[in-house]
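Student: I would like to go through this model with you, starting with single residues and then turning to the helices and the whole chain. Could you take my questions as they come?

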Amino acid sequence: MSPFTIALAIGVGGFVGALARFYIARAVGRAAGLEFSFLGTLTVNMTGCFAIGVLATIATRTHYFSPAVQQCLLTGLLGSLTTFSTFALDSLNLLQDGRTAAAVFNISVNLVAGLFLVWLGMLVTAPLVSASEL
């Protein structure tokens, strides 16, 4: 499979996944109301986790998906829909392979460092944005 075919497959899946993320999260967020708008993202993440479990199993145990279709669905569609599903699959694979320490490290760093880096990004950027608005 050529690099162009791989890139095209990922791009098509990514386009569909990004739109699905936007519309699903928005619809669920609106239905849940402002106080529970986070349920839109939660719904997308949990849907993506289930979908990656289904699709990864089909991809590894059957010949239903060509390499291009695998890239389109797993990397493009679900990667764009939610990287949380990939994080969950990586963590589960580590646990199933008996690499508990690596799984705990992966989970801990993604959650703790991820939250810290979002906060740090906001902290560093807020004064710059405020200063430029003057």
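Student: Does Asn93 count as buried, partly exposed or exposed, and why?
Tutor: This is a predicted model, and in it Asn93 counts as partly exposed because its relative accessibility is 33%, while buried would require under 20% and exposed over 50%.

Student: Which helix holds Asn93?
Tutor: Asn93 lies in helix H4.

Student: And how far is Asn93 from Gly29?
Tutor: Their C-alpha atoms are separated by 31 Å, with the two positions 64 residues apart along the chain.

Student: Staying with H4, is Ser85 buried or exposed?
Tutor: Ser85, which also lies in H4, has a relative accessible area of 0% and is therefore buried.

Student: What does Ser85 touch, apart from its neighbours in sequence?
Tutor: Leaving aside residues within four places, Ser85 is in contact with Gly48, Cys49, Ile52 and Leu78. Of these partners, Gly48 and Ile52 are listed among the buried residues of H2, and Leu78 is listed among those of H3.

Student: Let us move to H2, then. Which of its residues are buried?
Tutor: The buried residues of H2 are Gly40, Val44, Asn45, Gly48, Ile52, Leu55, Ala56 and Ala59.

Student: What covers them?
Tutor: The cover includes helix H1 (3-32), helix H3 (67-81) and helix H4 (83-96).

Student: Why does the end-to-end distance of H2 agree with its residue count?
Tutor: H2 comprises 23 residues, 39-61, so at 1.5 Å a residue it should span 33 Å, and its end C-alpha atoms are indeed 33 Å apart.

Student: Take Gly40 in H2. What is its relative accessible area?
Tutor: The value for Gly40 is 1%, so this residue is buried.

Student: What are its contacts beyond four places in sequence?
Tutor: Gly40 is in contact with Ala25, Val28 and Gly29. Gly29 is itself one of the buried residues of H1.

Student: How far apart are Gly40 and Ala88?
Tutor: They are 18 Å apart from C-alpha to C-alpha, and 48 residues apart in sequence.

Student: You mentioned H1. Which residues are buried there?
Tutor: In H1 the buried residues are Ala9, Gly13, Gly14, Gly17 and Gly29. They pack against H2 and H3.

Student: How does the span of H1 compare with expectation?
Tutor: With 30 residues at 1.5 Å each, H1 should span 44 Å; the end C-alpha atoms are 42 Å apart, which agrees.

Student: What happens just after H1?
Tutor: Gly33 takes a positive phi of about 90° there.

Student: Back to Gly13 for a moment: buried or exposed, and what does it touch?
Tutor: Gly13 has a relative accessible area of 2% and is therefore buried. Not counting residues up to four places away in sequence, Gly13 touches Cys72, Gly76 and Leu77. Cys72 and Gly76 both appear among the buried residues of H3.

Student: Where is Ser80 relative to Gly13?
Tutor: The two residues are 67 apart along the chain, and their C-alpha atoms are separated by 7.7 Å.

Student: Then what does H3 look like?
Tutor: H3 has 15 residues and reaches 20 Å from its first C-alpha to its last, close to the 21 Å expected at 1.5 Å a residue. Its buried residues are Ala68, Cys72, Leu73, Gly76, Leu78 and Leu81, and they pack against H1, H2 and H4.

Student: Now the whole chain. How many helices and strands are there?
Tutor: The protein has 5 helices and 0 strands, and from the N terminus on the elements run α-α-α-α-α.

Student: What is the radius of gyration, set against a compact globule?
Tutor: The protein has 18 Å, whereas a compact globule of 134 residues would be near 14 Å. Along the principal axes, the C-alpha atoms fill a box of roughly 60 × 35 × 35 Å.

Student: What share of the residues is buried?
Tutor: Buried residues make up 20% of the 134 residues.

Student: And what share of the contacts is long in sequence?
Tutor: Among contacts with a separation of 6 or more, 54% join residues 24 or more positions apart.

Student: Finally, what of the surface and the charges?
Tutor: The accessible surface comes to about 9000 Å², and 73% of that area belongs to carbon and sulfur atoms. There are 5 positive and 4 negative side chains, with the centres of the two sets 10 Å apart.

Methods. Residues numbered from 1 in each chain as written. Predicted model: local features only at pLDDT ≥ 70, side-chain atom pairs only at ≥ 80, totals over all residues. Heavy atoms only, no water. Helix = DSSP H or I, 4+ residues; strand = E, 2+ residues; numbered from the N terminus. Expected span 1.5 Å × (residues − 1). Buried < 20%, exposed > 50% of the residue type's maximum accessible area, 1.4 Å probe, protein only. Contact = heavy atoms within 4.5 Å. Rg over C-alpha atoms; globule rule 2.2 N^0.38 Å. Areas by Shrake-Rupley, 256 points an atom, 1.4 Å probe, with all protein chains shown as cover. Lys, Arg positive; Asp, Glu negative; His and termini not counted. Charge placed at Lys NZ, Arg CZ, Asp CG, Glu CD.
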